[in-house]
Amino acid sequence: MTVSISAQLRKGVVEYCVLGVLAREPTYGWNLSEALISRGVIASIGTLYPLLARLRTQGLVDAVEQKSTGGQSRKYYHLTPAGSQRLQDFREQWEPFALTVSELVSDTGTADSAERG
């Protein structure tokens, strides 16, 4: 059984994508899932709520119930200070890491020539 490369990559970054969306503005679960699904980060809303529960348990995300214009209550998720710090730590490490991976998997020979250099 082969796990797709895309699925493995998403698993590694999905929590940071959630933190990144919430850093822009607090939002409720459905909105958050739409932002992630439309970009192919998660497959369905069913995968989001267990992740949000884990992030809440870790103290990275919190939620507040608010009434919507339709009268229903919605749970709005937002970053905690610890969540903001975790996202900042990820941002600082992501770009250099992504550049290194791009160089190593590139078919231009950049990584090989650097090793021989």
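How many helices and how many strands are there in the protein? The model, which is predicted, contains five helices and three strands. From the N terminus on, these elements follow one another in the order α-β-α-α-β-β-α-α. Of the 117 residues, 27% count as buried. Among contacts between residues at least 6 apart in sequence, 45% join residues at least 24 apart.

The packing of two helices was examined next. Two packed helices are described by the angle between their axes and the distance between the axes. For helix H1 (residues 5-24) and helix H3 (residues 48-57), the angle is about 80 degrees and the axes lie 11 Å apart. Angles of 65 to 115 degrees count as roughly perpendicular, and H1 is therefore roughly perpendicular to H3. On the H1 side, the contact is made by Val14, Glu15, Val18 and Leu19. On the H3 side, Leu48, Leu51, Leu52 and Leu55 take part. By class, seven nonpolar residues and one charged residue make up the contact of H1 with H3, with no polar residues.

Two of the H1 residues in this contact, Val14 and Glu15, were considered individually. Val14, in helix H1, has a relative accessibility of 13% and so counts as buried. With neighbours within four places in sequence left aside, Val14 is in contact with Val41, Ile42 and Leu51. The C-alpha atom of Val14 is also separated by 8.7 Å from that of Leu36, a residue 22 positions away along the chain. Glu15 is likewise placed in helix H1. At a relative accessibility of 19%, Glu15 counts as buried, because the cut-off is under 20%. Residues up to four places away in sequence not being counted, Glu15 touches Leu51, Leu55, Leu60 and Arg86. Leu51 and Leu55 both belong to the H3 side of the helix contact described above.

Aromatic side chains were then considered. The structure holds four aromatic pairs. In one of them, the ring centres of Tyr16 and Phe90 are 4.1 Å apart and the ring planes are at 5 degrees, so this pair is stacked. Tyr16 and Phe90 link distant parts of the chain, with Tyr16 in helix H1 and Phe90 in helix H4 (residues 81-105), 74 residues apart. Both Tyr16 and Phe90 are buried. Phe90 also pairs with Trp94, with ring centres 5.3 Å apart and planes at 25 degrees, and this pair is stacked because planes under 30 degrees apart count as such.

Unlike Tyr16 and Phe90, which lie in two helices, Phe90 and Trp94 both lie in helix H4. Phe90 and Trp94 are four residues apart, about one turn of the helix. The relative accessible area of Phe90 is 19%, and this residue is buried. Trp94 has a relative accessible area of 38% and is partly exposed. Trp94, in helix H4, is 81 residues from Val13 in sequence, and the two are 9.7 Å apart in space, C-alpha to C-alpha. Tyr16, Phe90 and Trp94 form one aromatic cluster together with Phe97.

A further arrangement involves an aromatic ring and a charged side chain. Arg74 lies over the face of Tyr28, at 4.0 Å from the ring centre.

How values were computed. Residues are numbered from 1 along each chain as its sequence is written. This is a predicted model: local features need pLDDT of at least 70, side-chain atom pairs count only at pLDDT 80 or more; totals for chains, interfaces and linings use all residues. Side-chain values use heavy atoms; hydrogens and water are left out. Axes are lines fitted to C-alpha atoms, for helices over the stretch in contact, and angles run from 0 to 180 degrees between N-to-C directions. Angles under 35 degrees count as roughly parallel, over 145 as roughly antiparallel, 65 to 115 as roughly perpendicular and the rest as oblique. Contact means heavy atoms within 4.5 Å. Ala, Val, Leu, Ile, Met, Phe, Trp, Tyr, Cys and Pro count as nonpolar, Asp, Glu, Lys and Arg as charged, and the others, Gly among them, as polar. Rings of Phe, Tyr and Trp (its six-membered ring) pair if their centres lie within 6.5 Å; planes under 30 degrees apart count as stacked, over 60 as edge-to-face and the rest as tilted. Buried means under 20% relative accessible area, exposed over 50%, partly exposed in between (1.4 Å probe, protein chains only). A charge sits over a ring if NZ of Lys or CZ of Arg is within 6 Å of the ring centre and within 35 degrees of the ring normal.
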